[in-house]
Amino acid sequence: MTSGAEVALDDHAETRWAPSQPRVLAVDQDAEHLALITRTLSHHYEVQAETNVFQALVALEEDGPFVLVICDLRTGGVDGVEFLERALEAHPETPRMLVLNEANLADAVEAVNRSRVRALITKPVDPLQLLRRVDEATAECSPTIEYDTFDSDLFEQPVALASG
């Protein structure tokens, strides 16, 4: 279950979890690289890490919203550009970042044109550069993006935080 603060809408309503940090979806078939991304971002973001692109597609729909989607170019099954293109179609307001094994201009141009990525970063990833690029990519996002998909009745009822 997602970490966060428990929010009780009223005595009879279901309990929901409000995220305590902005959420990032990171996709990479390389588990070590994915762990590096997660460790680097975990102090500032809640990272949902997926090594399987098909599970990431499900997560994009069921576990979102996310303030950023990061994907490696080589994901296995579906390439990273195609995955980010699907992310664009499903959630055009969510910024996308592509990770490349090397600075390849053709791949970068394709990523920008097809999936409108906001940032590119090359492997091996420098943790400080990654954090800086993620912060830049998410800076233009509305701070309320993580609540855009909640039911409208959430804002029509008094909200009380449940004690812990």
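The exercises below, each with a worked solution, concern a predicted model.

**Exercise 1. Find which residues have the most contacts inside the largest nonpolar core, and which helix or strand gives the most to this core.**

Step 1. Begin with the core itself, which has 21 residues, and note that those with the most contacts inside it are L25, V27, L60, V69, F83, L84 and L98.

Step 2. Next, place the core on the chain: the strands β3 (23-27), β5 (68-72) and β6 (96-100), together with the helices α2 (53-62), α3 (80-90) and α4 (105-115), each supply at least two of its residues. Helix α2 gives the most, with 5 residues.

Step 3. Now take L25 and list what it touches once residues up to four places away in sequence are left out: Q48, E50, A56, A59, L60, F66, L68, V69, I70 and F83.

Step 4. Finally, look beyond this group, since another core of 20 residues lies apart from it, and I70, M97, I121 and V134 are among its members. As background, nonpolar side chains in soluble globular proteins tend to be buried together.

**Exercise 2. Decide whether V53 is buried or exposed, and find which residues it touches.**

Step 1. Locate V53, which is found in helix α2.

Step 2. Compare its accessibility with the cut-off: buried means under 20% relative accessible area, and V53 counts as buried because its relative accessibility is 1%.

Step 3. List its contacts, not counting residues up to four places away in sequence, and you obtain V27, T75, G76, V78 and F83. For G76, the separation from V53 is 23 residues in sequence, while the C-alpha to C-alpha distance is 7.2 Å.

**Exercise 3. Determine how T40 and D135 stand in terms of burial, and in which helix each of them lies.**

Step 1. Place both residues: T40 is in helix α1 (residues 31-41), and D135 lies in helix α5 (residues 127-139).

Step 2. Apply the cut-offs, by which a residue under 20% is buried, one over 50% is exposed, and one in between is partly exposed. T40 is therefore buried, at 13% relative accessibility, whereas D135 has a relative accessible area of 34% and so is partly exposed.

Step 3. Examine the surroundings of T40, where a polar atom of its side chain lies 2.7 Å from the backbone oxygen of L36. Leaving out residues up to four places away in sequence, T40 also touches P127, L130 and L131.

Step 4. Turn to D135, which is 94 residues from L41 in sequence, although their C-alpha atoms are 9.7 Å apart in space.

**Exercise 4. Describe the largest cavity: what is its volume, and which residues line it?**

Step 1. Start with the count, as the structure holds 1 cavity of 30 Å³ or more. The largest cavity has a volume of about 40 Å³.

Step 2. Read off the lining, which consists of L60, G64, P65, F66, H91, E93 and T94, and sort it by class to find 3 nonpolar, 3 polar and 1 charged residues.

**Exercise 5. Find where the cis peptide bonds before P65 and P124 lie, and what omega is near in each.**

Step 1. Consider P65, in the loop between α2 and β5; the peptide bond from G64 to P65 is cis, with omega near 10°.

Step 2. Consider P124, in the loop between β7 (119-122) and α5; the peptide bond from K123 to P124 is cis, with omega near -5°.

Step 3. Set these beside the general pattern, in which most peptide bonds are trans.

Notes. Residues are numbered from 1 along each chain as its sequence is written. This is a predicted model: local features need pLDDT of at least 70, side-chain atom pairs count only at pLDDT 80 or more; totals for chains, interfaces and linings use all residues. Side-chain values use heavy atoms; hydrogens and water are left out. A nonpolar core is a set of buried Ala, Val, Leu, Ile, Met, Phe, Trp, Tyr and Cys residues joined through side-chain atoms within 4.5 Å. Buried means under 20% relative accessible area, exposed over 50%, partly exposed in between (1.4 Å probe, protein chains only). Helices (H or I, at least four residues) and strands (E, at least two) are DSSP runs, numbered from the N terminus. Contact means heavy atoms within 4.5 Å. On a 1 Å grid over the protein atoms alone, a cavity is a set of points where a 1.4 Å probe fits but cannot get out, and a pocket is an open set with protein on both sides within 12 Å along at least five of seven lines; lining residues have an atom within 4 Å of a point. Grid points are joined across faces, edges and corners, and a volume is the space filled by probe spheres set on the points. Ala, Val, Leu, Ile, Met, Phe, Trp, Tyr, Cys and Pro count as nonpolar, Asp, Glu, Lys and Arg as charged, and the others, Gly among them, as polar. A polar contact is a pair of N or O atoms within 3.5 Å; within protein, one must be able to donate a hydrogen and the other to accept it, and residues adjacent in sequence count only if both atoms are side-chain atoms.
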